[in-house]
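Q: I'm new to this one, so please pick a single part and take me through it closely. Then set it in its surroundings.

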Amino acid sequence: MRYIAAIITILISTLLYAGNAGGEAELLTTATVSDSNSIETDILESIDVELFIPRLWGHDIKFEAMIYKPVQAFLPDEDLSVFMKKLYLRLRFKYINITLGRQPVSWSFGAMLNPVDFALGSVALNEETNSKYTDAAEIYIPINWNSGLSAIAAFPYGISSEPDSVKWGARARFGIRGYDITLNYVREPDILDTAVSAIPVNSIIPLQRAACTVKGDIWDLGVYGSFGYYFSDSVSTVSCLAGADYSFNYNYDRKVVLQAEYMGIDMEFLNPMLRNAVLLMDSSETWFNLITASVNAGIDDFSSFTVFSIINANDWSAVICPIYQVTLPLKINLELSGYIFAGRENTLFRPGPVMPRAIGMLSLKYKF
Amino acid sequence: MNRIKIILIAVLCIIMIPAYAITVEEIIAKRDNNEYYTTAKAKSEMIITNGSREMTKIMVSLVDSNDVLVTFENPEDRGTKFLKRGEDLWMFFPDAEDIVKISGHMLKQGMMGSDFSYQDMMESDKLTDLYDFTLIGEEEYEGRQCYVIEGIAVEGKEVSYYKRKSWVDKQRFIGLKEELYAKSGKLLKEMTVSEVDQIEGRWFPVKSLMIDKLRVNTKTEFIINSIEFNVQIPAGTFTLENLQ
C-alpha cells in the first residue's frame, strides 16, 4: 500500500507541476467528549487529487483519488491509505452516454436527508460520504433538455458475475411546469455471505425500493419532497419527506438561508427487538419521525455561520451542529464545527455510554 | 435684411433641434446595441476583496438569448456549473456529479459569494424590458460627457434592484457608472466601469467594479478577458446532460 501511495504521489506531483492536476489538502482535528466527560482527540490528514484530462473525441476520462492517514485508534499499523473516488470512462454519443468504472452515483433533490438515494446515507445534511463512489456501468439516454433515463449496474462488493451481488438502479427524470420530478428504482444486492459483507443490506431494509421525488417553487418558497416504497418478498414499508427552503437579505445584503424538512418512515418491517435496540423505539411504535432544520447566515463575503439540527420527534432527542466557516488569507478554508447530542437518557441521540456527548472539529482545507 | 436674418435663424433652429432632442428610449436603445447580445462566449474573472482577503472566481460563459451556462475554473470551485434556462437555475456539483434544481429565491442572492447576484450575472433581458427610464440630466464623469438616466423597475418584472441611476457616455453609448437602489431609496451598490473596449464594432465594458455601499472595505471587480459575440453555440449546450 505504501508503494502504491508513493507511485501515485510521484505521478500526481508531476502532473501538478504540468498544471493538469489539482485537488484539496485537508487537516482535520476532532475532539470527542464521552458520556463520562473525558476527551479524546485525533488528527486526520488527507489529500484529494484529481487529474484534468481534456475531452478526447468528445469522451471523458476522469481520475480522482484520496490519500489519507486512517484514524490511528482503529488502524494503528496503517500509515497511508488510498481511496479511489473516480476512475471512469464516459463515452458520449448522440443518443446515449455510457459510463464505465469507479464513479459517484448520487440522486440528490436538494433535501438534507435523502431516504431514496441510490446509496442510502451517501449524502446527509449537505455533507457527502464516500459511500456514493462505486464501481458501476451506467447508461444515460437524454429525452430533452431537462429529462432523461438512466440505468445502472453497480458492484459494491466487487465485480462479479453473480446477479445477486449486483446492485441495480433506474431513474427517470423529467420537468413539468417548472418542477423537477424523478422516478427511481433500486434493487440492493442480495448478499447472504457475511464474509463479503458484515452487515447484509437485506437485514436492515427491504431489498427493493421505488420512489418519487419532486422539487420546485411555490411563489418565493423552494419546496421539495419524496415518497419511497420499500419492499421484498415478505415485507414492505414506506417513507415520506417534505421540505422547504427560503432565503432573504437581512439589512439589505446579509444573506440568510432557511431550510426545514420532515422525514417519516414506517419501521414495522423491522424486528421489534431491532427496533428497540437500534432506534430505541417503544415496541408499540412503528412510525419514525425526524425533523431537520438549518439556518445559514452570511457574515461577510468570506465567512458564514450555520446551525442545523435533527430532532427525533419520537423521543425529542436531538443533535445540534453549529458551523463557522471562514476563508483565511492564502485561500485556506477554516471550518469550526461541533455535534452536540441532546436529550434524555436512552433516547436515539443519547443512547447511553457508547455514544459521545459532543464532538468538536476543526478543519483546514486548501484547494489547489 | 431683418427678414433674411429671421429666416436664417429659423432654419438653423430646425437643423439644430434634432441634435439636442435625443430621447431616453434612443439612449437606452443605443446602449443596448452595445451591451446587449443574443449569443456570446466569454472568459471572465471576478475578484472579490474584503480588506486584506481576496478571492478570485474564473468563469467561462456561454449565452444564447435567455439561456446561460457558466463553468467555474478557479481551484476552489473548479467544475461547478450553473445553467439558467428562462427562470430556472440548475447547479452541477462536481464532486458528487449531481445536478440539482436551485430554488428561485436564490437568483437574487450573490453568485458564489460575490456582490453580483445570479440575476446580475445571468440576466439576459434588455434594460428597456425591465425598467422605465427617464433622462434626468447630463454630467461629466471621468472626463466623459454623460447622459444621466434613471430607471424604475417595471411592475411584475423580476429584477435585482428597484431603481438604477446610470451615467451613459454620450459619444460611445456605454454605461460608465451605475447606482443601484432598493425600493426604500437606500443606495445598495455602485458599479463603475474602468475600462471599455471596442469589440466586433461595439463598445463594451471589460473591467467594472461593484462596491457594496452597505459594507466597509468590500468590492467585487469583474474583468472580461475575452468575449466573442454572435457565436454559433452547438445544440445540446444548455441541457442537463451537458452539465455533467
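A: Here is a close look at one helix of chain B, followed by its chain and then a cavity.

This is a predicted model, where local features need pLDDT of at least 70 and side-chain atom pairs count only at pLDDT 80 or more, while totals for chains, interfaces and linings use all residues. Residues are numbered from 1 along each chain as its sequence is written, chains are lettered from A and ligands numbered from 1 in the order in which they are written, and side-chain values use heavy atoms, with hydrogens and water left out.

Our helix is α2 of chain B, which has 12 residues, 24–35. (Helices are DSSP runs of H or I with at least four residues, strands are runs of E with at least two, and both are numbered from the N terminus.) At 1.5 Å a residue, α2(B) should span 16 Å, and its end C-alpha atoms are indeed 16 Å apart; the expected span is 1.5 Å times one less than the number of residues.

Now for its two sides. B:Val24, B:Ile27, B:Ile28, B:Arg31, B:Asp32 and B:Asn34 are the buried residues of α2(B). (Buried means under 20% relative accessible area, exposed over 50%, partly exposed in between, with a 1.4 Å probe and protein chains only.) Looking down the axis, these buried residues fall within an arc of 160 degrees, so they line one face of the helix; the arc is that of the directions from the helix axis to the C-beta atoms. An α-helix has 3.6 residues a turn, so residues three or four places apart point the same way. B:Glu25 and B:Asn33 are exposed, on the face turned away from the buried side.

And what sits over that buried side? Among the elements covering the buried residues of α2(B) are α4 (127–130), β7 (131–141), β8 (144–153) and β12 (202–212) of chain B.

Stepping back, chain B has 5 helices and 13 strands. Of its 244 residues, 51% count as buried. Residues 24 or more positions apart make up 45% of the chain B contacts with a separation of 6 or more, contact meaning heavy atoms within 4.5 Å.

Chain B also helps line the second largest cavity: β6 (98–102) and α5 (240–243) of chain B each supply at least two residues of that lining. There are 23 lining residues, and B:Gln244 is one of those that lie nearest the centre, along with A:Tyr140 and A:Arg171. By type, the lining divides into 9 nonpolar, 7 polar and 7 charged residues.

Conventions. 1 Å grid on protein atoms, 1.4 Å probe; cavity = no way out; pocket = protein on both sides within 12 Å on 5 of 7 lines; lining within 4 Å. Nonpolar A, V, L, I, M, F, W, Y, C, P; charged D, E, K, R; others polar.
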